[in-house]
Amino acid sequence: MLQNMKIGARLGLAFGIVQLMMLVVGVFAVVQLAHVNGNVADLATNWMAGARTLGDFNNQIGLHRRVEYRHVLATKPEDKASNEKTIADLQKSIDESWKRYTATISGDEEQRVADAIQVALKNYYATMPKVVALSNQGV
C-alpha cells in the first residue's frame, strides 16, 4: 500500500505520525506535571507548615524544661515566682503550637504519633505542680 503512494504523500504521512506521537507525549507530560504540582503544593502548604510548627513546638518544650530547671536551681522567691509565670506562659504557647500542628496532620500514622505525644505532654504537665511544689520547699 505504501509503495503505491508518492514520496511526498509518504513523507506527509510519516510527518503526521510523528506529530501525533509528539502530541501524545506532550499531553502525557502535562498530566504528569499536574500530578507533580499537586504533590509540591501539598508539601508547601501542609507538610512544611506542619514541620515548621512542630519545630516551634519542640523548641518551646525545650525552653519550658530549661525554665523548670532554673526554677529548681533558684534560691530567691522572686526568681521562683518569675520562673513560674514563665512556665505558665510557655504552657499556653506550647498548647497553641500543638493546636496549629494538629491542624496539619494528614494520615493515620501521623495521627497515632500525635496522639502518643499528646498523652506524654499531658503526663508532663501533670508532674509540673509536684515539681514546683518540691522546688518551693527547697527539696
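Is Tyr125 buried or exposed? I began my notes with this residue, and at a relative accessibility of 19% I have to enter Tyr125 as buried, because the class takes in values under 20%. I keep in mind throughout that the model is predicted.

**Entry: aromatic rings**

I searched the whole structure for aromatic pairs and found three. For the rings of Trp98 and Tyr101 I noted centres 5.4 Å apart and planes at 45°, so I list this pair as tilted. I then looked up where the two residues sit, and both belong to helix H2, three residues apart, which is about one turn of the helix. Trp98 and Tyr101 are both buried. A further tilted pair is that of Tyr124 and Tyr125, for which I wrote down 6.4 Å from centre to centre and 35° between the planes. When I asked which residues join into one aromatic cluster, I obtained Phe57, Trp98 and Tyr101.

**Entry: H2 against H3**

Next I looked at how helix H2 (residues 77-102) packs with helix H3 (residues 108-137), and I recorded an angle of about 170° with the axes 12 Å apart. I therefore describe H2 as roughly antiparallel to H3. On the H2 side I listed the residues that make the contact, namely Lys80, Glu84, Ile87, Gln91, Ile94, Asp95, Trp98 and Tyr101, and on the H3 side Glu110, Ala114, Ile117, Gln118, Leu121, Tyr125, Met128, Val132, Ser135 and Asn136. Sorted by character, the residues of this contact come out as 10 nonpolar, four polar and four charged. I noticed that Trp98 and Tyr101, which I had already entered as a ring pair, appear in this list on the H2 side, while Tyr125, which I had entered as buried, appears on the H3 side.

**Entry: Glu84**

I turned to Glu84, which lies in helix H2 and takes part in the contact with H3. At a relative accessible area of 30%, I class Glu84 as partly exposed. Setting aside the neighbours within four places in sequence, I found Glu84 in contact with His71, Val132 and Asn136, and of these Val132 and Asn136 are also among the H3 residues of the helix contact. With His71 I also found a polar contact, in which the side chains of Glu84 and His71 come to 3.0 Å. I checked one distance along the backbone as well: Glu84 and Glu68 are 16 residues apart along the chain, and their C-alpha atoms are separated by 8.0 Å.

**Entry: Ser97**

What does the side chain of Ser97 make a polar contact with? I found the side chain of Gln60 as the partner, at 2.8 Å. Ser97 itself is in helix H2, and I entered this residue as buried, since its relative accessible area is 1%. Beyond the residues within four places in sequence, Ser97 is in contact with Thr53, Asp56, Phe57 and Gln60. Phe57 had already come up in my notes as a member of the aromatic cluster with Trp98 and Tyr101.

**Entry: Leu2 and helix H1**

I then went to Leu2, which lies in the segment before helix H1 (7-73). With a relative accessible area of 46%, Leu2 is partly exposed. Not counting residues up to four places away in sequence, I found that Leu2 touches Arg10 and Leu13. For Leu2 and Leu13 I also noted the separation, which is 11 residues in sequence and 9.8 Å in space from C-alpha to C-alpha.

Within helix H1 I looked up Leu33 and Met21. Leu33 is exposed at a relative accessible area of 57%, and Met21 also counts as exposed, at 53% relative accessibility. From each of these I took one distance between C-alpha atoms: from Leu33 to Asp79, 46 residues apart along the chain, I recorded 58 Å, and from Met21 to Ala81, 60 residues apart along the chain, I recorded 76 Å.

Technical notes
Residues are numbered from 1 along each chain as its sequence is written. This is a predicted model: local features need pLDDT of at least 70, side-chain atom pairs count only at pLDDT 80 or more; totals for chains, interfaces and linings use all residues. Side-chain values use heavy atoms; hydrogens and water are left out. Helices (H or I, at least four residues) and strands (E, at least two) are DSSP runs, numbered from the N terminus. Buried means under 20% relative accessible area, exposed over 50%, partly exposed in between (1.4 Å probe, protein chains only). A polar contact is a pair of N or O atoms within 3.5 Å; within protein, one must be able to donate a hydrogen and the other to accept it, and residues adjacent in sequence count only if both atoms are side-chain atoms. Contact means heavy atoms within 4.5 Å. Axes are lines fitted to C-alpha atoms, for helices over the stretch in contact, and angles run from 0 to 180 degrees between N-to-C directions. Angles under 35 degrees count as roughly parallel, over 145 as roughly antiparallel, 65 to 115 as roughly perpendicular and the rest as oblique. Ala, Val, Leu, Ile, Met, Phe, Trp, Tyr, Cys and Pro count as nonpolar, Asp, Glu, Lys and Arg as charged, and the others, Gly among them, as polar. Rings of Phe, Tyr and Trp (its six-membered ring) pair if their centres lie within 6.5 Å; planes under 30 degrees apart count as stacked, over 60 as edge-to-face and the rest as tilted.
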